[in-house]
Amino acid sequence: MVYVVRELCVACGKCALYCPVEAITVGEYAFVDQERCVECGTCIRAECPVDALRQPDLKPPRLLRKLFSDPLATFRETEVPGRGTEEMKTNDVTNNVKVGEAGWGVEMGRPGVSTKFTDVEKVTMALARQGVEFLDLNPVTMLIDKKTGMFTEKNPWGISPGEIRALRSLSAIIEFKTPKEKVPEIIKTLMEVSKEVETVFSVGLISRWKDGEPELLPLVRGIPGIRVYPNGKHNMGLGRPGS
Ligand code: SF4
Ligand code: SF4
């Protein structure tokens with residue numbers, strides 16, 4: 001966990017300025033609130049003028065704060081840096097989401113507004129009740145029972161559901177897919193569960209292109225309270241396009 005060597009600190013406040021969750025307070029010296037700190041490493045990279053900040057190697061469950069929060073940390077289980085998932089970002093190569101299906105990325109929290117894992121579980125449980133298919137190569141999926149959406153001890157780190165619920169991170173991305181017909185129902189579910197969580201989340205919908213527009217666009221256009229921002233992504237040269 002990040003800590004300050006008090007004897008070195010000159011209380012300049014630079015590290016506190018960079019902390020995205022306001023975990024650092026500065027009086028005679030800087031102090032890190034370990035409950036708030038998500039181990040993102042930003043203060044370390046802010047280059048303390050007297051090198052007074054330390055972040056020792058972390059072990060689970062604390063390590064998971066870093067894996068979900070530090071864009072330079074690599075999730076060993078998915079071998080992907082930057083919060084450990086690229087399932088939805090590379091759909092034009094992986095072809096995970098096919099015509100007739102909807103891919104979803106629910107990104108909980110963001111810099112400045114972190115997320116408790118109790119909130120992540122509320123959303124995964126609500127989605128599990130809708131029978132969604134959670135994508136495998138995703139750090140959140142690795143922590144849950146895919147049928148119930150509840151945290152399970154059957155995870156790569158062997159940490160208990162209680163320890164997972166005590167975690168907090170800058171963000172956590174839930175990825176899943178559904179048949180396209182379920183799009184309005186899933187949006188309704190997400191709008192309902194949004195009232196129960198203490199953080200923000202954004203929803204990305206991955207659609208294949210069909211008949212001159214994104215196949216899912218007609219399903220979301222016009223839903224009250226939803227603004228749609230269609231955008232495209234092509235990973236040129238990374239693989240063959242999915243059929
Ligand atoms: S940047 Fe370094 S010297 Fe300045 S408040 Fe933080 S720990 Fe102290
Ligand atoms: S590691 Fe991140 S969250 Fe923790 S004190 Fe440093 S900047 Fe703040």
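Strand 9 and strand 11 pair up antiparallel, with 2 bridges between them. For a residue to find your bearings by in this predicted model, take Phe134, which sits opposite Phe176 in strand 11. Strand 9 itself covers 133–134.

Now step back to the sheet this pairing belongs to. It is an open sheet of 4 strands, in the order 9-11-7-12, with antiparallel pairing. Strand 9 and strand 12 (201–206) are the edge strands and each has a single partner, so one side of each is left with no neighbour in the sheet.

Crossing from strand 11 to strand 7, you'll find the two paired in the antiparallel sense over 8 bridges. Here Gly105 is the residue to look for, standing opposite Glu175 in strand 11. How many residues of strand 11 are buried? The count is 6 of its 8 residues, so the rest of the structure largely encloses this strand.

Keep going and you reach the far edge. Strand 7, which spans residues 101–108, is joined to strand 12 by 6 bridges, and again the two run antiparallel. One pair to pick out is Glu107, whose bridge partner in strand 12 is Ser202. Packed on the sheet is helix 7 (residues 183–194), which touches strand 7, strand 11 (172–179) and strand 12. The direction of helix 7 makes about 15° with that of strand 7. As a general point when you look at side chains here, those in a regular strand alternate between the two faces of the sheet.

Zooming out, the domain assignment splits the protein chain into domain 1 (1–56) and domain 2 (72–220). The C-alpha centres of domain 1 and domain 2 are 31 Å apart. Where they touch, domain 1 puts in 5 residues and domain 2 puts in 7 residues. By class, the domain 1 side of that contact is made of 4 nonpolar residues and 1 polar one, with no charged residues.

That leaves the ligands. Which residues come closest to ligand 1? They are Cys9, Cys12, Cys15, Ala30 and Cys48, out of 15 residues that surround ligand 1. Sorted by class, this shell has 13 nonpolar residues, 1 polar and 1 charged. Ligand 2 has 14 residues around it, and the nearest are Cys19, Cys37, Cys40, Thr42 and Cys43. The shell of ligand 2 breaks down into 11 nonpolar, 2 polar and 1 charged residues.

How values were computed. Residues numbered from 1 in each chain as written. Chains lettered and ligands numbered in written order. Predicted model: local features only at pLDDT ≥ 70, side-chain atom pairs only at ≥ 80, totals over all residues. Near = placed C-beta within 6 Å. Nonpolar A, V, L, I, M, F, W, Y, C, P; charged D, E, K, R; others polar. Pairing = 2+ DSSP bridges. Contact = placed C-beta atoms within 7 Å. Axes fitted to C-alpha atoms, helices over the stretch in contact; angles between N-to-C directions. Buried ≥ 20, exposed ≤ 12 C-beta atoms within 10 Å, placed from the backbone. Domains from an automatic or database assignment.
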